[in-house]
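Here are my notes on this one, as numbered points. Have the model open while you read.

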Amino acid sequence: MLYRKPAFADVEAIYDLVNNYAHDGVMLARSRNTLYETLRDMIVAEGNGRILGVGGLHITWDRLAEIRTMAVQPETVRQGIGAEIVKRLIEEARILGVDKVFTLTYKPGFFQTLGFEIITKEELPHKVWKDCIDCPKFPNCDETAMIKTL
Ligand SMILES: CC(C)(COP(=O)(O)OP(=O)(O)OC[C@H]1O[C@@H](n2cnc3c(N)ncnc32)[C@H](O)[C@@H]1OP(=O)(O)O)[C@@H](O)C(=O)NCCC(=O)NCCS
């Protein structure tokens, strides 16, 4: 398995991976526009020349960043790929001097195994909600907010 930063040629594979899950309602959809704009946030896992997983680290505020766009191909879940992507994103966060990493997730169990704790959404700064106004579910967010102090 190769873990690396994505390139332009990976965008369509990331788009399909994320939006196939979004179609089933298990994660939020991402437009190509968002994927291009946040391409440098992401890490992908590649196996046999195929994108098997993706995740992103998005800086939101002073020493605060979000883990987002976590997705692993259905046939390769539960093999440690998601955990490895999160570990690498957290390493990037440490290098940047991030103190706290949060996530808004439908899979709290996955993030719990990685040391994230559940918090109330009100504990996150208002800035975090800037991206949420484009979400079809806004303002009725049903994701769980979780945070990890580095
Ligand atoms: C959630 C997801 C990214 C996890 O990636 P993954 O590669 O399957 O996870 P890993 O194999 O690295 O699992 C790491 C740990 O989390 C646990 N875990 C993984 N998925 C879990 C889940 N859905 N619920 C509870 N625990 C979970 C595993 O048991 C594992 O712990 P272990 O090492 O003690 O066995 C992946 O399952 C996925 O893409 N799911 C569909 C899309 C999605 O839900 N994305 C997240 C939206 S918020």
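1. Is K5 buried, exposed or partly exposed? K5 is partly exposed, with a relative accessible area of 37%. Keep in mind throughout that this is a predicted model. K5 is worth a look for its partner: its side chain meets that of E92 in a salt bridge, at 3.1 Å from N to O. The two come from distant parts of the chain, 87 residues apart, with E92 in helix α3 and K5 in the loop between β1 (2-4) and α1 (11-23). E92 has 23% relative accessibility and so counts as partly exposed too.

2. Staying with α3: the helix covers residues 81-96, 16 residues in total. From first C-alpha to last, α3 reaches 23 Å, close to the 22 Å expected at 1.5 Å a residue. Its buried residues are I81, G82, A83, I85, V86, L89, I90 and A93. When you look at that list, recall that an α-helix has 3.6 residues a turn, so residues three or four places apart point the same way. Past the end of the helix, G97 comes just after α3 and takes a positive phi of about 90°.

3. Now the ligand. How many residues surround the ligand? There are 19, and the closest are V72, G80, G82, A83 and K107. Two of these, G82 and A83, also appear among the buried residues of α3. By class, the shell has eleven nonpolar, six polar and two charged residues. As for where the shell comes from, β4 (64-72), α3 and α4 (108-112) each supply at least two of its residues.

4. Three polar contacts to the ligand deserve checking by eye. A nitrogen atom of the ligand has a backbone N or O atom of M70 at 2.9 Å. An oxygen atom of the ligand sits 2.8 Å from a polar backbone atom of R78. From K107 it is a polar side-chain atom that lies 2.7 Å from an oxygen atom of the ligand. On cover, the ligand taken alone exposes 890 Å², and the protein buries 74% of that.

5. R78 needs a second look for its backbone. Phi of R78 is near 60°, a positive value in a residue other than glycine. R78 is placed in the loop between β4 and α3. Is R78 buried or exposed? At 86% relative accessibility, R78 counts as exposed. Note that the accessibility of residues takes only the protein chains as cover, so the ligand contact made by R78 through its backbone does not enter into that value.

6. T69 is another residue other than glycine with a positive phi, here near 55°. T69 is placed in strand β4. With 10% relative accessibility, T69 counts as buried, because the cut-off for that class is under 20%.

7. The other salt bridges. The count comes to nine. One of the pairs is D62 with R63, whose side chains meet at 2.8 Å from N to O. D62 is exposed, with a relative accessible area of 52%, whereas R63, at 46%, counts as partly exposed. The line between those classes is drawn at 50%. D142 and K137 form a salt bridge as well, with the closest N and O atoms 3.2 Å apart. Both ends are partly exposed: D142 has a relative accessible area of 45%, and K137 comes in at 31%. Finally, R4, D10 and E46 are linked in a network of salt bridges.

8. Please also inspect the peptide bond between F138 and P139. What is its geometry? The bond is cis, with omega about 5°. P139 is found in the loop between β6 (117-119) and β7 (144-149).

9. V128 is placed in the loop between β6 and β7. V128 is buried, with a relative accessible area of 4%. Its C-alpha atom is separated by 9.3 Å from that of A65, although the two residues are 63 residues apart along the chain.

Notes. Residues numbered from 1 in each chain as written. Predicted model: local features only at pLDDT ≥ 70, side-chain atom pairs only at ≥ 80, totals over all residues. Heavy atoms only, no water. Helix = DSSP H or I, 4+ residues; strand = E, 2+ residues; numbered from the N terminus. Expected span 1.5 Å × (residues − 1). Buried < 20%, exposed > 50% of the residue type's maximum accessible area, 1.4 Å probe, protein only. Near = heavy atom within 4 Å. Polar contact = N/O pair within 3.5 Å; in protein donor to acceptor, adjacent residues only side chain to side chain. Areas by Shrake-Rupley, 256 points an atom, 1.4 Å probe, with all protein chains shown as cover. Nonpolar A, V, L, I, M, F, W, Y, C, P; charged D, E, K, R; others polar. Salt bridge = Lys/Arg side-chain N within 4 Å of Asp/Glu carboxyl O.
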